[in-house]
Every structure is written in structure tokens, then in C-alpha cells.
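Biologist: I should like to learn how to read a structural model feature by feature. Would you take me through one?

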Amino acid sequence: SELSRQSFYPDDEDVDEWLRKEPGRYIVKRDLKAKVQSVSVIVKVRLCYDFTHSRCKFGQGCTNVHICTDFLKGHCSSEACKFPHDFQSKQAKKVVKSMGLEGLPDDKICQVIRGSLPQVCTFYNSTSGCKDNTLCTKLHICKEYVTETCSGDCARSHSFSEPHNENVLQKHLMSCRMPENILMHSTMLSGGSGGKRSDGAVPVSRGR
């Protein structure tokens, strides 16, 4: 499986048994019959808000991720972008090592980081709403609020501290008590360029 190729999952062990031994390291999406559908590897990651706003005072000593957030989210289209699109700097390599991702190629590091950050639920933001309220692993929050484009005349949640959202944040090793701008900066929107998955979840084969 993709997880075993990333050295996260031992191929000779049952998925459910392995997940029970690794509490808190993964977010597991299950179907209504409790079968594992996909697994996201969770590491404690913080995107540097100050870096992308050109004012990080820690420079090479910063312990947060210095990367183009549009690139990370799959839609940087600026040829003149001044922010990194890789993890090759000395600072980036140190942060990657601290997350336990040393040795992985950049695209896999991006995948793990995306999976480690909370994501806005597409269905919650649709007209039909999310029908998976109790099992949903994504934030039930207005996506326009996150991108600061909401007019304010909106029935959807604008709060990270509602019980469902607080629970989602905790699973991503984050807290609703973090500054609002940091939470908004770190939240992933669904979708990505080229129709690729952007949530970092890896489908799990159960053909055993």
C-alpha cells in the first residue's frame, strides 16, 4: 500500500490491529460498517504565518514550516512567486527532520503536511449539507470565512470553537484557542489542481 511505501505501515500486519497500536498518530476515515476507508498520517506541523507575510524574525532558526502555502494547497500559479516550493533549504530540512519525515521526497512531505492540517468539509458547504456529522473528520465551517471572502450574511459556522470543530482540531494536534489568523492560515480547503487529492489521506487496501 502507499502507507507501507512511505514506511508508515508494516505490510505484514492487519490494518485495524496496527492502528490500535498507534493511537493519535493517524486520522482514520471509516464507513458506516466501521471498515477503514483511508488513513491520514498526523504529525505536529505549524505553517509559519509570519514567513508568508514577509516578517518572520526567526529566519533560519524558525521551527515552523517555511513554504508557499498556495503551492502546498496545490494552486500556486505565479511564476514570480518568492516563496519556496520545496524543502531543500537548511531551515526546511531541520523542520522536516523534527517531524520525522527525513528521507521522504518533497511530494510525500507535502502529502503528510496536508493530511496533518485540518480541512474544510465540502459537503458542509454545499446546499445539501454534510450527512456524515458524527463521523466527519473535517471542519464544519464556512469556506468563505476561512478565505476572508464571506459577506457575513451566512448561516454556516464562522467558529473554530464549536464542539465538532474543536474535536477536529484536537485530532490534528491543534487547539481552537490558537489565534484565529493562524487557524485560518493553516486550514486546507477541499480540492486541488488537476483534480488531485489535497487532503493527504491514503486509501487503504483491505484485500487480505
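**Reading the model, feature by feature**

Modeller: Let us start in a loop: L173 lies between α8 and α9 (180–186). Please keep in mind throughout that this is a predicted model.

Biologist: What is the sign of the phi angle of L173?

Modeller: L173 has a positive phi of about 60°, although it is not a glycine. With a relative accessible area of 34%, L173 is partly exposed. A second residue can be read in the same manner: E148, also not a glycine, has a positive phi of about 60°. E148 sits in the loop between α7 (143–146) and α8 (163–171).

Biologist: Is E148 buried or exposed?

Modeller: E148 counts as exposed, because its relative accessibility is 68% and the cut-off for that class is over 50%.

Biologist: Let us step back to the whole chain. Which secondary structure elements does the protein contain?

Modeller: There are nine helices and three strands. Read from the N terminus, their order is α-α-β-β-α-α-α-α-α-α-α-β. Of the 208 residues, 44% count as buried. As for contacts with a separation of 6 or more, 54% of them join residues 24 or more positions apart.

Biologist: How should I read a nonpolar core?

Modeller: The general idea is that nonpolar side chains tend to be buried together in soluble globular proteins. In this model the largest nonpolar core has 19 residues, and V65, F87, M99, L101 and I113 have the most contacts inside it. Two elements, α5 (90–98) and α6 (106–116), each give two or more residues to this core. The largest share, four residues, comes from α6. There is also a second, separate core of 16 residues, which includes I141, C142, Y145 and M184.

Biologist: Which residues are in contact with V65, leaving aside its neighbours within four places in sequence?

Modeller: V65 is in contact with V45, R46, L47, C48, F87, V95, M99 and I113. Among these partners, F87, M99 and I113 are also named with V65 as having the most contacts inside the largest core.

Biologist: Why is α6 described as largely enclosed by the rest of the structure?

Modeller: Nine of its eleven residues are buried, so α6 is largely enclosed by the rest of the structure. The buried residues are K108, I109, C110, Q111, V112, I113, R114, G115 and S116.

Biologist: And how does one read a single residue of a helix, for example V96 in α5?

Modeller: Begin with its accessibility: at 6%, V96 counts as buried, because the cut-off for that class is under 20%. Then consider its partners. Beyond its neighbours within four places in sequence, V96 is in contact with F87, L101, E102 and I109. One may also compare sequence with space: V96 and V45 are 51 residues apart in sequence, and their C-alpha atoms are 9.4 Å apart.

Biologist: How many cavities of 30 Å³ or more are counted?

Modeller: The count comes to one. The largest cavity has a volume of about 30 Å³, and its lining consists of N64, V65, H66, F87, Q91, A92, V95, V96 and M99. By class, six lining residues are nonpolar, three are polar and none is charged. V65 and V96, which we have just discussed, thus reappear in this lining.

Biologist: I should also like to read polar contacts. Which backbone nitrogens does the side chain of S78 reach?

Modeller: The side chain of S78 reaches the backbone nitrogen of A80 at 3.3 Å and that of C81 at 3.2 Å. S78 lies in the loop between α4 (69–72) and α5, and at 40% relative accessibility it counts as partly exposed.

Biologist: What of a serine within a helix, such as S186 in α9?

Modeller: A general point helps here: an α-helix has 3.6 residues a turn, so residues three or four places apart point the same way. In this model a polar atom of the S186 side chain lies 3.0 Å from the backbone oxygen of I182. S186 is buried, with a relative accessible area of 1%. Not counting residues up to four places away in sequence, S186 touches L47, L117, P118 and M174.

Definitions and conventions:
Residues are numbered from 1 along each chain as its sequence is written. This is a predicted model: local features need pLDDT of at least 70, side-chain atom pairs count only at pLDDT 80 or more; totals for chains, interfaces and linings use all residues. Side-chain values use heavy atoms; hydrogens and water are left out. On a 1 Å grid over the protein atoms alone, a cavity is a set of points where a 1.4 Å probe fits but cannot get out, and a pocket is an open set with protein on both sides within 12 Å along at least five of seven lines; lining residues have an atom within 4 Å of a point. Grid points are joined across faces, edges and corners, and a volume is the space filled by probe spheres set on the points. Ala, Val, Leu, Ile, Met, Phe, Trp, Tyr, Cys and Pro count as nonpolar, Asp, Glu, Lys and Arg as charged, and the others, Gly among them, as polar. A nonpolar core is a set of buried Ala, Val, Leu, Ile, Met, Phe, Trp, Tyr and Cys residues joined through side-chain atoms within 4.5 Å. Buried means under 20% relative accessible area, exposed over 50%, partly exposed in between (1.4 Å probe, protein chains only). Contact means heavy atoms within 4.5 Å. A polar contact is a pair of N or O atoms within 3.5 Å; within protein, one must be able to donate a hydrogen and the other to accept it, and residues adjacent in sequence count only if both atoms are side-chain atoms.
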